[in-house]
Amino acid sequence: MTTERKYAFFLGCIAPNRYPGSESASIRTSKKLGIDLVPLEGASCCPAPGAFGSIDLNVWYAMAARNIVLAEQMGLDIALICNGCYKSIYEVNHKLKHNKELRDAVNEVLKEIDMEFKGTIDVWHLAELLYDPEIVGVEKIRASVKVPLKGTKIAVHYGCHLMKPKKERHMGSTEAPHWIEELVEALGAEAVEYRNKMQCCGAGGGVRGYDLAHSLDITNEKLQNIVEAGADAVTEVCPFCQLQFDRGQIEIEEKFGIRYNMPVFHYNELLGLAQGMSPEELGLDLHAINTEPFLKKVL
Amino acid sequence: MVTKNYPDPKLNEKLRDRYYRRDQSKPEFTKAVREISGTMAHMCYQCGTCTGGCPSAPRSTYRIREFMRRGVLGLDQEALTDPDLWLCTTCYSCTDRCPRDLAPTDVIMAMRNLAFRQDIIPVNFLKTVQAIYSSGHGVPNNDVNRAAREKLGLTRDPPTTHMYPEYIKGIQKILDHYNLKANADRIVKEREG
């Protein structure tokens with residue numbers, strides 16, 4: 001194993017406060033792959049890009065900058081596990097590094113709390129670190145698997161803010177990416193393609209809070225397409241998408257009378273499962289949708 | 001044409017009006033949208049690729065292309081009072097597909113920022129602000145989750161502002177700098193008493 005790389009682990013809200021299993025899975029699976037995720041003490045909400053960005057982009061910049069500065073003070077790059085957090089933390093870091101006028105304005109506000117954005121660190125989604133062969137890579141993930149997820153079909157939901165807008169990211173075309181499928185297949189599962197794969201889960205932009213039925217209708221369309229492809233489970237890399245697909249299925253049943261029972265996993269939970277963590281260690285009992293039918297296929 | 005049907009009859013009438021009335025055009029609105037969004041919305045040639053790939057369009061009257069046009073024509077009241085403004089999930093599909101390399105999503109965000117300056121904002125957005133002001137988190141911890149965390153070998157509260165509440169003061173100072181908490185409280189109170 002190569003030398004261990006250290007990152008400040010930015011948790012966000014939904015992972016630690018609703019799906020803590022994906023927090024512990026991320027820490028433990030990364031450790032086995034040479035990534036040390038250390039707590040980013042005092043971090044807050046990223047803040048939610050849909051809510052804060054809609055109200056006042058300047059507040060969004062300043063609030064995200066405070067989180068970034070905490071990591072700058074530790075001298076560590078940030079790693080995170082949520083697409084919404086990625087939009088806030090990655091994008092604001094990038095904007096502040098390259099736009100002096102904006103940086104000066106944000107630093108004027110940060111001065112009130114004795115902080116200064118210096119632009120000394122980078123921000124990464126854990127999924128891209130796992131995929132990067134210079135950091136971890138598919139081969140190393142495959143080698144870490146103890147319980148292959150053989151015989152299962154998994155649909156990948158990329159979510160939006162990891163790769164879009166593409167001109168403010170570095171991951172290429174957002175029409176038909178395939179790299180998370182490679183991460184899934186490294187675990188021994190079959191990754192299935194489905195109709196309109198890159199469609200949003202429906203939760204973002206404040207829509208889940210503004211018009212729940214509208215937002216669930218989008219989720220429902222995705223679930224239909226995923227079922228059509230014969231998937232046994234959905235995997236994503238964003239706890240907000242996870243919440244929308246997982247708890248959303250309960251709400252879809254209440255509102256539309258449609259029941260899917262489609263298990264939903266953060267990729268790091270699947271990785272934990274494949275590395276031999278037990279369902280209890282992964283907190284899978286906290287999911288709204290029972291994961292048993294999927295687990296029966298692999299355990 | 002899809003007809004809107006909102007509870008306010010005056011709003012309904014205005015949003016049904018398909019004519020461009022020059023005296024309602026505000027060039028300063030076009031300019032403000034451009035400044036906040038950072039995209040040259042006036043280069044939009046109305047091809048509709050944005051609406052075609054929009055997940056919200058097939059299930060509502062929300063048409064991102066129409067908002068692009070309203071921005072260019074300076075129709076601020078049509079843009080800001082239309083409840084559909086809040087149906088964008090910010091998925092950025094339109095932005096990635098725009099043949100003019102514009103960012104319609106950022107136009108929507110700019111319009112929402114401008115709407116907020118007129119107190120036009122759904123309360124759920126403001127409740128997120130209130131939650132962050134008091135705890136640092138938009139989705140805070142609870143007792144069920146604390147017990148679950150403990151079982152997983154994690155700390156009962158995550159090592160964020162939850163475990164280190166001394167950091168909340170800094171967050172409050174930032175939000176107060178923009179007077180955001182006071183405005184959120186005021187608007188929520190006006191709507192919900």
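**Notes on a two-chain model**

1. Start in chain A, where Ile78(A) stands opposite Val123(A) in E4(A). The model is a predicted one. Ile78(A) lies in strand E3, residues 78–80 of chain A, which is joined to E4(A) by three bridges. E3(A) and E4(A) run parallel. As background, the strands of a sheet pair through backbone hydrogen bonds, and the pairing can be parallel or antiparallel.

2. Which strands make up the sheet around this pair, and in what order? It is an open sheet of four strands in chain A, ordered E2-E1-E3-E4, with parallel pairing. The edges are taken by strand E2 (35–39) and strand E4 (123–125) of chain A. Each has a single partner strand, so one side of each has no neighbour in the sheet. From one strand to the next, the twist averages 40 degrees.

3. Another open sheet of four strands in chain A has the order E6-E5-E7-E8. The pairing here is parallel. Why do strand E6 (190–192) and E8 of chain A each have one side without a neighbour in the sheet? They stand at the edges, each with a single partner strand, so one side is left free of a neighbour. Neighbouring strands of this sheet are turned against each other by 40 degrees on average, with direction ignored.

4. Look next at strand E7, residues 233–236 of chain A. Ala233(A) and Thr235(A) point one way from E7(A), and Val234(A) and Glu236(A) point the other way. Buried or exposed? All of these residues are buried, the charged-type name Glu236(A) included.

5. E7(A) has a partner strand in E5 and another in E8. Four bridges join E7(A) to strand E5 (residues 153–157) of chain A, and the two run parallel. Three bridges link E7(A) with strand E8 (residues 264–266) of chain A, again in the parallel sense. Thr235(A) can be followed across both pairings. The bridge partner of Val156(A) in E7(A) is Thr235(A). In E8(A), the partner of Thr235(A) is Phe265(A).

6. A helix also lies over these strands. Helix H12 (residues 239–256) of chain A lies across E5, E7 and E8 of chain A. H12(A) runs at about 170 degrees to E8(A).

7. Now the chain contact. How many residues of each chain take part? In chain A, 54 residues are in contact with 52 residues of chain B. On the chain A side, the elements that give two or more residues are helix H1 (14–18), helix H2 (20–32), helix H3 (49–55), helix H4 (57–74), helix H10 (207–210) and helix H11 (212–228) of chain A. H4(A) gives the most, with six residues. The side of chain A that touches chain B has 25 nonpolar, 18 polar and eleven charged residues.

8. Chain B has eleven helices and zero strands. Its C-alpha trace spans about 60 × 35 × 30 Å along the principal axes. Of the 193 residues in chain B, buried residues make up 41%. Among the chain B contacts with a separation of 6 or more, 66% are between residues 24 or more positions apart.

9. One helix of chain B deserves a closer look: H2(B), residues 27–37. Its buried residues are Phe29(B), Val33(B) and Ser37(B). Why do they share one side of H2(B)? They cover an arc of only 50 degrees around the axis, which puts them on the same side of the helix. An α-helix has 3.6 residues a turn, so residues three or four places apart point the same way.

10. The face of H2(B) turned away from the buried side carries exposed residues: Pro27(B), Glu28(B), Lys31(B) and Glu35(B). The buried residues of H2(B) pack against helix H4 (64–73), helix H5 (76–81) and H7 of chain B. After H2(B) comes Gly38(B), with a positive phi near 70 degrees.

11. Last, the packing of H2(B) on helix H7 (residues 104–116) of chain B. The two axes come within 8 Å and cross at roughly 115 degrees. The crossing is right-handed. H2(B) contributes Ala32(B), Val33(B), Ile36(B) and Ser37(B) to the contact. H7(B) contributes Asp106(B), Val107(B), Met109(B), Ala110(B), Met111(B), Asn113(B) and Leu114(B). By class, this contact has eight nonpolar, two polar and one charged residues. Val33(B) and Ser37(B) belong to this contact and are also among the buried residues of H2(B).

Key:
Residues numbered from 1 in each chain as written. Chains lettered and ligands numbered in written order. Predicted model: local features only at pLDDT ≥ 70, side-chain atom pairs only at ≥ 80, totals over all residues. Contact = placed C-beta atoms within 7 Å. Nonpolar A, V, L, I, M, F, W, Y, C, P; charged D, E, K, R; others polar. Pairing = 2+ DSSP bridges. Axes fitted to C-alpha atoms, helices over the stretch in contact; angles between N-to-C directions. Left-handed = near helix turned anticlockwise from the far one by under 90°. Buried ≥ 20, exposed ≤ 12 C-beta atoms within 10 Å, placed from the backbone. Arc of directions from axis to C-beta.
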